[in-house]
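Take a look at the chain below. The text that follows walks from its interior to its surface and then to its overall form.

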Amino acid sequence: MTTSSKSDERPSEFGTLEELRLTTSDGAGFVVRLLPHEDPAAPVVLMLPAMAMKAKFYLPMAKALAAAGCSVATVDLRAQGESTPKLREAPDFGYRELIEVDMPAIVDAVAARFPQAPLHLFGHSLGGQVALLYTATAPHRVSSVTVIATGSVYWKAFEPRRWFEALWKIQWIGLVARVTGRWPGGVLIPGAMQGRVMADWSRHSLTGHYRPRGRSYDYDRKLAALKLPVLAISLDEDPLGPKCNVDFLCGRIATADITRWHIDASSAVRHRDHFQWIKDSTVIGPGIAGWLRDGQPPR
């Protein structure tokens, strides 16, 4: 017989947040968790996770942005976290579904909940790519985009000494994903991911172009025409999204109003790798919120 204490049954702080539930046209289900500001016109920040990362990982940043005067919405990517169906039961999908099916439905739900507020996207790594690619196709829906640890994974965007490593590791992941229909996690990517997402990712790494299978848009052209404000944050101890890769991606959106924030050892941020930056949310969050309010580069 299994027993559990009342503390075991108590929902987590993340699980007690206000929620919106939605289903896309192809049957994917999402739970959007909210930290609403008392001012209905306060900017709302929709946070999008990295590969294999759950939305609840970003609760410290969500709380920091909320404390700095924003409403915040978090959501898991398709087949991750609270999203349904789960990865093993989900039909195959790639970048196209994330950008062209999921994002319009999620943005509609958040906009309906905060009809007076401007919508800003915040993306980490893959979440940042999704944020930029969606915004490039629907700039009228978004006021700005903030990305952190988000760079192009084109192999030549890395420093030359890492070109061979980037080529073989990312193409190996793409090969495994194509053959098995899924990436089980391990090399570079800590958790399991759907096969076509990783195939689209590895194709971009090989060619430098965003050409996901089944796409409805010329994403490279759309990105090149993007004119909205973008805050691009890089971290000096991040091997997965290093400064050179973030700079390369910024070059692809050169017509946007780009603010670059490179965080190094001279800053108050003590955790500066691809994932650990979340521990310094109380430092990074106010900088982002200030940029949303007045457009000034974070200090």
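Start at Leu46 in this predicted model. Leaving aside neighbours within four places in sequence, Leu46 is in contact with ten residues by name: Ala73, Val75, Met103, Ile106, Val107, Val110, Leu119, His120, Leu121 and Phe122. Leu46 belongs to the largest nonpolar core, which has 65 residues. Within that core, Leu46 and Met198 touch the most other members. Helix α3, residues 95–113, gives the most to this core, with nine residues. Apart from it lies another core, of 32 residues. Met47, Ala50, Met61 and Trp261 are among its members. In soluble globular proteins, nonpolar side chains tend to be buried together.

Now move to a loop. Thr24 sits between β1 (18–23) and β2 (29–35). Is Thr24 buried or exposed? Its relative accessible area is 6%, and buried means under 20%, so Thr24 counts as buried. Beyond four places in sequence, Thr24 touches Phe30, Arg78, Val101, Asp102 and Ala105.

Next comes a charged side chain. Arg196 is part of helix α6, which covers residues 195–207. With a relative accessible area of 10%, Arg196 is under the 20% limit and therefore buried. Which residues does Arg196 touch, if those up to four places away in sequence are not counted? They are Asp92, Phe93, Gly94, Glu97 and Arg213.

Lys86 offers another case. Its place is in the loop between β4 (71–75) and α3. At 37% relative accessibility, Lys86 falls between the 20% and 50% limits, so it counts as partly exposed. Not counting residues up to four places away in sequence, Lys86 touches Ala79 and Gly81. How far is Lys86 from Tyr219, C-alpha to C-alpha? The separation is 28 Å, and the two residues are 133 apart along the chain.

Leu175 is found in helix α5, residues 163–180. Its relative accessibility is 44%. That value also lies between the two limits, so Leu175 is partly exposed. Leu175 and Thr282 are 107 residues apart along the chain. Their C-alpha atoms are separated by 40 Å.

Step back to the whole chain. Its secondary structure comes to nine helices and ten strands. Why does the chain fit the description of a compact globule? With 299 residues, such a globule would have a radius of gyration near 19 Å, and the chain has 18 Å, so the two agree. Along the principal axes, the C-alpha atoms fill a box of roughly 55 × 50 × 40 Å.

Contacts and burial add to the picture. Take contacts between residues at least 6 apart in sequence: 72% of them join residues at least 24 apart. Of the 299 residues, 56% are buried.

Finish at the surface. The accessible surface of the chain comes to about 13,000 Å². Carbon and sulfur atoms hold 54% of that area. The chain carries 35 positive and 30 negative charges. What distance lies between their mean positions? The mean positions are 4 Å apart.

Note on methods
Residues are numbered from 1 along each chain as its sequence is written. This is a predicted model: local features need pLDDT of at least 70, side-chain atom pairs count only at pLDDT 80 or more; totals for chains, interfaces and linings use all residues. Side-chain values use heavy atoms; hydrogens and water are left out. Helices (H or I, at least four residues) and strands (E, at least two) are DSSP runs, numbered from the N terminus. The radius of gyration is taken over C-alpha atoms; the globule rule is 2.2 Å times the number of residues to the power 0.38. Buried means under 20% relative accessible area, exposed over 50%, partly exposed in between (1.4 Å probe, protein chains only). Contact means heavy atoms within 4.5 Å. Accessible areas come from the Shrake-Rupley method with a 1.4 Å probe; for residues, only the protein chains shown count as cover. Lys and Arg count as positive and Asp and Glu as negative; His and the chain ends are not counted. The place of a charge is taken as NZ of Lys, CZ of Arg, CG of Asp or CD of Glu. A nonpolar core is a set of buried Ala, Val, Leu, Ile, Met, Phe, Trp, Tyr and Cys residues joined through side-chain atoms within 4.5 Å.
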